[in-house]
Amino acid sequence: MGSIIAFFIRTIILNPTVILGIVIAGYYKFNYQPEVVKLIFTSAWIPYAIMVGAALLYALFFKHIYYPNSKRINWWATIKSSIGHLFVIALSTALTFVVLYAWDYAFTRELDNYLRYKK
C-alpha cells in the first residue's frame with residue numbers, strides 16, 4: 001500500500017504540469033464566482049494561452065527529446081511533446097475544478113451562504 005501511495009505522490013502530485021493545473025484552477029476558483037469562471041473558460045482565450053505557453057516552455061526548457069544514440073536535441077519532437085504536457089495541464093485543471101466545486105457542494109457552503117443572506 002505504501003508503494004502505491006509513493007507512486008501516486010511521485011508521478012502525479014509532484015509533476016510540475018499537474019501542479020500548474022492545480023494552481024490555475026485554484027486561482028480561478030478562489031478569485032471568481034462560478035458563473036464568471038464558466039464564462040472565462042468558455043469565451044476567453046487567456047487561460048488557454050497560459051496553458052499552451054506553460055506547456056511549450058516546460059517542454060523546451062526541461063523535457064528535451066534527443067535523437068536516438070545522440071546528444072543532439074530533436075527540437076521538432078520536443079515541441080510536439082508540448083501537446084502532451086498541454087493535455088496534462090488542461091486535465092489537471094478540469095479535475096481540480098471538479099474536486100473543488102464538489103467539495104463546496106458536498107459541505108453545502110453555497111447553500112448555507114444563500115439561505116443565511118436570504119432572510
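**Briefing: helices, a buried contact and a surface patch**

Gly-21 is found in helix α2. The model is predicted, and it holds six helices and zero strands. This briefing takes Gly-21 and its surroundings, then Ser-92, then a nonpolar patch on the surface, and ends with totals for the chain.

**Gly-21 in helix α2**

- Helix α2 spans residues 16–31, and Gly-21 lies within this helix.
- Gly-21 has a relative accessible area of 0%, so it counts as buried; the cut-off for buried is under 20%.
- Outside the residues within four places in sequence, the contacts of Gly-21 are Ile-89, Ser-92 and Thr-93.
- Between the C-alpha atoms of Gly-21 and Leu-86 the separation is 9.6 Å, while the two residues stand 65 residues apart along the chain.

**Ser-92 in helix α5**

- Ser-92 belongs to helix α5, which covers residues 75–106.
- The relative accessibility of Ser-92 is 9%, and therefore this residue is classed as buried.
- With residues up to four places away in sequence set aside, Ser-92 touches Thr-17, Val-18, Gly-21 and Ile-22.
- The contact between Gly-21 and Ser-92 thus appears in the list for Gly-21 and again in the list for Ser-92.

**Nonpolar surface patch**

- A nonpolar patch on the surface is formed by Met-1, Ile-4, Ile-5, Phe-8, Ile-9, Ile-12, Ile-13, Leu-14, Ile-19 and Val-23.
- Together these residues have about 950 Å² of accessible area.
- At least two residues of the patch come from each of α1 (2–13) and α2 (16–31).
- Helix α1 gives the largest share, six residues.
- Phe-8, one of the patch residues, sits in helix α1.
- Phe-8 is partly exposed because its relative accessibility is 43%, and the partly exposed class runs between the 20% and 50% cut-offs.

**The chain as a whole**

- Along the sequence the elements follow the pattern α-α-α-α-α-α.
- The protein has 119 residues, and 25% of them are buried; Gly-21 and Ser-92 are among them.
- Of the contacts between residues at least 6 apart in sequence, 57% join residues at least 24 apart.
- The accessible surface of the protein is about 8,900 Å². Carbon and sulfur atoms account for 72% of this surface.

Methods: Residues numbered from 1 in each chain as written. Predicted model: local features only at pLDDT ≥ 70, side-chain atom pairs only at ≥ 80, totals over all residues. Heavy atoms only, no water. Patch = residues over 30% accessible without salt bridge, like charges linked within 9 Å, V, L, I, M, F, W, Y side chains within 5 Å. Areas by Shrake-Rupley, 256 points an atom, 1.4 Å probe, with all protein chains shown as cover. Salt bridge = Lys/Arg side-chain N within 4 Å of Asp/Glu carboxyl O. Helix = DSSP H or I, 4+ residues; strand = E, 2+ residues; numbered from the N terminus. Buried < 20%, exposed > 50% of the residue type's maximum accessible area, 1.4 Å probe, protein only. Contact = heavy atoms within 4.5 Å.
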